[in-house]
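Work through these exercises with the model open. Each task is followed by a solution in steps.

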Amino acid sequence: MSLAVTDRDLLRELEPVAERCLADHLRKARAWHPHDYVPWGEGRNFAALGGNDWEPRQSALPEVARVALVTNLLAEDDLPSCHRAITEMVGGDGPWGTWVGCWTAEENRHAIVIRDYLVVTRAVDPVALERARMTRLTSGVAAPEVPRLLRGLACVTLQELATRISHRNTGIACGEPIADRMLSRIATDENLHMIFYRNISRAALELAPDAMMRAITEAVTGFRLPGSAGPGFRRHALLLAAHGIYDPPQHLETVLRPVLRNWHVFERTDLTGTGERARDELAAYLTALEKTSVRFRERRERARARETAFADGPAVVQR
């Protein structure tokens, strides 16, 4: 297929692959219930029902864990917009439509359990959280750019894996076993979602190698974490990167490289001029990102050394 292959052609060719990937997902997925991951015994009424409203001292989680949980939750809250965008991309019929419904229901479960946990444990201000949700949902998310289907498949593959890593690291940062268990469960779902999209993307690469290579390059070089359009995201992303929730080295080594290896991007021999140019662009981007990752690690290590020195206090002068 040429670079000008249509979405309709690809959807038709990929439908048997989608059906197999859906069956594989349903076989591997395990049902779970949000209420089993929330410490309801810690809950109490707010002022509207005769209790006390939230105060900062009520939160027992570290700041970075609170920021990460809210950031991840607001990304999950994008579900209605994402559902619409993906449905427009793959349609609502056959295995594609079944998958979109399954994916939507599973992702919605993530938002339910995280919000319940945050409100019950009073980890964050519930009023501010609801205001952020309203702002987020009334803004919506942008639909994938052209080429819509191919770039969309590559983008969601990377985003699902990135989200899995962010959730897992957030659970560790919480330092609290219930939160860790909850986010580990969510991360398992995200990994299965990634596998679905990764495998279909691999099949698309076989069908339209040049077009898909261009889509992969655009997805990688234009990557944005879910929720990156939200207010305050850049400030929060810097905090999370500094504490190892999700940072450039992780993005390169645990997201980009494993997925590109799975797709055999740099071993392919079926590319023509357009595909080869896209792959060269991708290789150059990865080289630059590797240098960025090295500098990031060095800066973080220096910052941590300064924090340690400051915590230890000034040196004692011997007379």
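A residue counts as buried when its relative accessible area is under 20%, as exposed when over 50%, and as partly exposed in between. The model used here is predicted.

**Exercise 1. Place serine 166 and decide whether serine 166 is buried or exposed.**

Step 1. Find the element. Serine 166 sits in helix α6, which covers residues 148-174.

Step 2. Apply the cut-off. The relative accessibility of serine 166 is 8%, so serine 166 is buried.

Step 3. List the neighbours. Leaving out residues up to four places away in sequence, serine 166 touches Asn72, Ile245 and Tyr246. A contact here means heavy atoms within 4.5 Å.

**Exercise 2. Describe the overall fold: how many helices and strands are there, and how does the radius of gyration compare with the globule rule?**

Step 1. Count the elements. The protein has 11 helices and 0 strands.

Step 2. Check the size against the rule. The radius of gyration is 22 Å, and the globule rule gives 20 Å for 319 residues. The two values are close, so the protein is as compact as a globular protein of that length.

Step 3. Add the box. Along the principal axes, the C-alpha atoms fill roughly 70 × 60 × 35 Å.

Step 4. Look at burial and contacts. Of the 319 residues, 47% are buried. Among contacts with a separation of 6 or more, 83% join residues 24 or more positions apart.

**Exercise 3. Characterise the surface and the charges of the protein.**

Step 1. Take the surface. The accessible surface is about 16200 Å², and carbon and sulfur atoms hold 54% of that area.

Step 2. Count the charges. There are 42 positive and 42 negative side chains.

Step 3. Locate the two sets. Their centres lie 4 Å apart.

**Exercise 4. Classify two of the aromatic pairs by geometry.**

Step 1. Start with the total. The structure holds 4 aromatic pairs.

Step 2. Take tryptophan 32 and tyrosine 37. Their ring centres are 5.2 Å apart, with 75 degrees between the planes. Planes over 60 degrees apart count as edge-to-face, and this pair is edge-to-face. Both tryptophan 32 and tyrosine 37 are buried.

Step 3. Take tryptophan 99 and phenylalanine 196. The centres lie 3.7 Å apart and the planes meet at 10 degrees, so this pair is stacked.

Step 4. Trace the stacked pair along the chain. Tryptophan 99 belongs to helix α4 (residues 94-120) and phenylalanine 196 to helix α7 (residues 177-207). The two are 97 residues apart, and the pair links distant parts of the chain.

Step 5. Check burial. Tryptophan 99 has 1% relative accessibility and counts as buried. Phenylalanine 196, at 3%, is also buried.

Step 6. Extend the group. Ring pairs join Trp99, Phe196 and Tyr197 into a cluster.

**Exercise 5. Contrast arginine 122 and histidine 264: where does each lie, and is each buried or partly exposed?**

Step 1. Recall the background. Most residues other than glycine have a negative phi.

Step 2. Read the angles. Phi of arginine 122 is positive, near 55 degrees. Phi of histidine 264 is also positive and near 55 degrees.

Step 3. Place both residues. Arginine 122 is in the loop between α4 and α5 (126-139). Histidine 264 is in the loop between α10 (248-262) and α11 (273-312).

Step 4. Compare accessibility. Arginine 122 has a relative accessible area of 2% and is buried, whereas histidine 264, at 46%, is partly exposed.

Notes:
Residues are numbered from 1 along each chain as its sequence is written. This is a predicted model: local features need pLDDT of at least 70, side-chain atom pairs count only at pLDDT 80 or more; totals for chains, interfaces and linings use all residues. Side-chain values use heavy atoms; hydrogens and water are left out. Helices (H or I, at least four residues) and strands (E, at least two) are DSSP runs, numbered from the N terminus. The radius of gyration is taken over C-alpha atoms; the globule rule is 2.2 Å times the number of residues to the power 0.38. Buried means under 20% relative accessible area, exposed over 50%, partly exposed in between (1.4 Å probe, protein chains only). Accessible areas come from the Shrake-Rupley method with a 1.4 Å probe; for residues, only the protein chains shown count as cover. Lys and Arg count as positive and Asp and Glu as negative; His and the chain ends are not counted. The place of a charge is taken as NZ of Lys, CZ of Arg, CG of Asp or CD of Glu. Rings of Phe, Tyr and Trp (its six-membered ring) pair if their centres lie within 6.5 Å; planes under 30 degrees apart count as stacked, over 60 as edge-to-face and the rest as tilted.
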